[in-house]
Amino acid sequence: MSIMKKSCCISMAVLLAVSSLTACSTSGSPSSQAGGAGAKADAGAEQETMNISLMVPQYAEIGPSSDSALVKKLNEKLNIKLDIQWVPGASYNDKISVLAASNSLPDVYRIATQDYMQWRDKGVFLDVKPLLGQYPNLTKHLPEEAWMELNPKDAYYGIPYYGIPHLFSMSIRKDWLDKLNLKMPETIDDFYQVAKAFATEDPDGNGKADTTGFSILVNSNGTFGNAAYLQGAFGLGNDWALKDGKLVAMQAQKEELKAFIGFLRKAYAEGVLDKNFLVMKSADARNKLWNGQSGIQLVNPNEVIRLDIPNMKKNAPGAQLVQLPPPAGPNGIRATQTDGMGQNKVVINKNIDPKKQERILKLLDYMLSDEGYDLIKEGVEGVDYQKKADGGFEKLETKETGSLFSINFFRRADKGIQLHKYHDQEYVKQVEQWLNNNDKYDWPNYGLGLEAETAAYKKLNLTTLNTKWMSSMVRVIAGDAPIEEVDKAADEWLKNGGEQLTKEVNEIYQQRK
């Protein structure tokens, strides 16, 4: 299951330190123990400048610093002084653990799923649910489903860092289809025939057997990658399926698994499935697309037009990459990769001055208002972009990228999070069309987030359980074990902890209905 990976890198000392945060306040104010941000602020609170520490992960681009034009505007609007730490994404989770161990967590910060669930019930994060009536933009621009993910029934300890549920698309080389006189595949059988032709009929015309049909990934946590459209087509659940009112783990869906794994087994034997699938990484799969070795690939619509297609054309100027609707399975099911909307969170430190908690909520609420969202998504006019004589906009070259505040920290439920007013409108329409098409093929995870709340999950090493199950799937796909091995692996998964996990997940599911 891909909802979460069980955190095992946090030491007991860190956990004890985090737990101890419930007994002390960085502000030293006893009022912080009673009512949190719900306590009525002093009449002059808005006149008081609040120093607020904020931490956010940073990747390739550089985000706005504490003295940037964008942050100055936020400071002026909210009468605050933001102290922003941009921490390299690769070490971000470790940084949070270190700060927790020293009782010095920031006032507000983004947190990953596994850490959120590790500390959610330890008195570290402010419950914002009782306060939301005062901050209408938070509920207006973030869907209820995202709030509910990973939160207990009666509390919201984290505010959703919105994730696009149907972000990724399947794509296909239309020029290869045309060269081989093939139509866009509609069904799984059509898909197989097209993929086989791509692998065996020299679609690039170079006279070499150097192309593949399709590939999947085997992730380190024991799940499949780049395979949602196939898993869903064969009736497998997105981690959890719903049958007769009860949740069933994907790993235990024997008949659907045998159909799916059998399909991959045949494809592997006939050279349609990439022989290197077991060691493939996402970057490897993308490179094969760019290099003209594969013609069917999972892509991000925000990158396909500006990155994938131009890089493909370097090797094949006539390359045409178009969106591939998920092929219909035996029962007509079409599925696209579907992820949670609120699996990561923005959290507010429970143990700071309630006045500061209120100001942070006002900041977050402002960020989702029309004015505030335009600021954090587009940046500052004259710094990040400027208006042209024709009424359009153009991006300006800056050292700090203003829009990173919305990309990496907090944003509305906005599918167009990476689309800006300075982008070419034809490009915007194309990306929006890809994203809108994805929404037609939802592949629901009926137990999303529930497993992390079970006692069984806390005892299990779910990654170990899943990777053992996956090793059996791989052996069957490669022809090293009979198809009956699927039944045996499902039984072992249930016996070694999956059955108890399923029982507890269903108990929570029934309570939440």
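Tyrosine 109 has valine 347 as its bridge partner in strand 12. This pair belongs to the junction between strand 3 and strand 12, which run antiparallel and are joined by four bridges. The model in which this pairing is seen is a predicted one, and the account below moves outward from this junction to the rest of the chain.

Strand 3, residues 108-111, also has a partner in strand 1: two bridges join these strands, and here the direction is parallel. Within that pairing, leucine 54 stands opposite valine 108 of strand 3. Strands of a sheet pair through backbone hydrogen bonds, in either the parallel or the antiparallel sense. Side chains in a regular strand alternate between the two faces of the sheet. In strand 3, Val108 and Arg110 point one way, while Tyr109 and Ile111 point the other way. All four of these residues are buried, the arginine included.

The sheet to which strand 3 belongs is open and consists of five strands in the order 2-1-3-12-4, with mixed pairing. Its edges are formed by strand 2 (80-88) and strand 4 (159-161), each of which pairs on one side only. From one strand to the next, the twist averages 25°. Towards the strand 2 edge, strand 1 (residues 50-58) and strand 2 run parallel and are joined by nine bridges. One position in this pairing is methionine 55, whose bridge partner in strand 2 is glutamine 85.

A helix accompanies this sheet. Helix 13, residues 354-367, lies across strand 1, strand 2, strand 3, strand 4 and strand 12. Its direction is at about 50° to strand 1.

Between strand 12 and helix 13 there is a loop, and asparagine 349 is found in it. Is this loop residue buried or exposed? Asparagine 349 has a relative accessible area of 4% and is therefore buried, the cut-off for burial being under 20%. Apart from neighbours within four places in sequence, asparagine 349 is in contact with Leu105, Pro106, Asp107, Val124, Leu126 and Gln357. With one of these residues there is a polar approach: the side chain of asparagine 349 reaches the backbone oxygen of leucine 105 at 3.5 Å.

Asparagine 103 lies in another loop, the one between helix 3 (92-101) and strand 3. Its phi is near 55°, a positive value in a residue other than glycine. Asparagine 103 is partly exposed, with a relative accessible area of 30%. A further asparagine, residue 226, has phi near 60°, again positive in a residue other than glycine. Asparagine 226 lies in the loop between strand 7 (224-225) and helix 9 (228-233). At 13% relative accessibility, asparagine 226 counts as buried.

A further sheet is built from three strands. This open sheet has the order 10-5-11, and its pairing is antiparallel. Strand 10 (296-299) and strand 11 (321-323) are the edge strands, each pairing on one side only. The twist here averages 35° from one strand to the next. Strand 5, residues 169-173, pairs with strand 11 over three bridges in the antiparallel sense. Serine 171 stands opposite glutamine 323 of strand 11. This sheet, too, is accompanied by a helix: helix 12 (residues 301-315) lies across strand 5, strand 10 and strand 11. The angle between helix 12 and strand 11 is about 155°.

These elements can now be placed within the whole chain. The secondary structure of the protein chain comes to 19 helices and 14 strands. Its radius of gyration is 25 Å, close to the 24 Å given by the globule rule for 513 residues, so the chain is as compact as a globular protein of that length. Along the principal axes, the C-alpha trace spans about 75 × 65 × 35 Å.

Two further values describe the interior of the chain. Buried residues make up 55% of the 513 residues. Among contacts with a separation of 6 or more, 76% are between residues 24 or more positions apart. As for the surface, the protein chain exposes about 22200 Å², of which carbon and sulfur atoms supply 50%.

Notes:
Residues numbered from 1 in each chain as written. Predicted model: local features only at pLDDT ≥ 70, side-chain atom pairs only at ≥ 80, totals over all residues. Heavy atoms only, no water. Pairing = 2+ DSSP bridges. Axes fitted to C-alpha atoms, helices over the stretch in contact; angles between N-to-C directions. Contact = heavy atoms within 4.5 Å. Buried < 20%, exposed > 50% of the residue type's maximum accessible area, 1.4 Å probe, protein only. Polar contact = N/O pair within 3.5 Å; in protein donor to acceptor, adjacent residues only side chain to side chain. Rg over C-alpha atoms; globule rule 2.2 N^0.38 Å. Areas by Shrake-Rupley, 256 points an atom, 1.4 Å probe, with all protein chains shown as cover.
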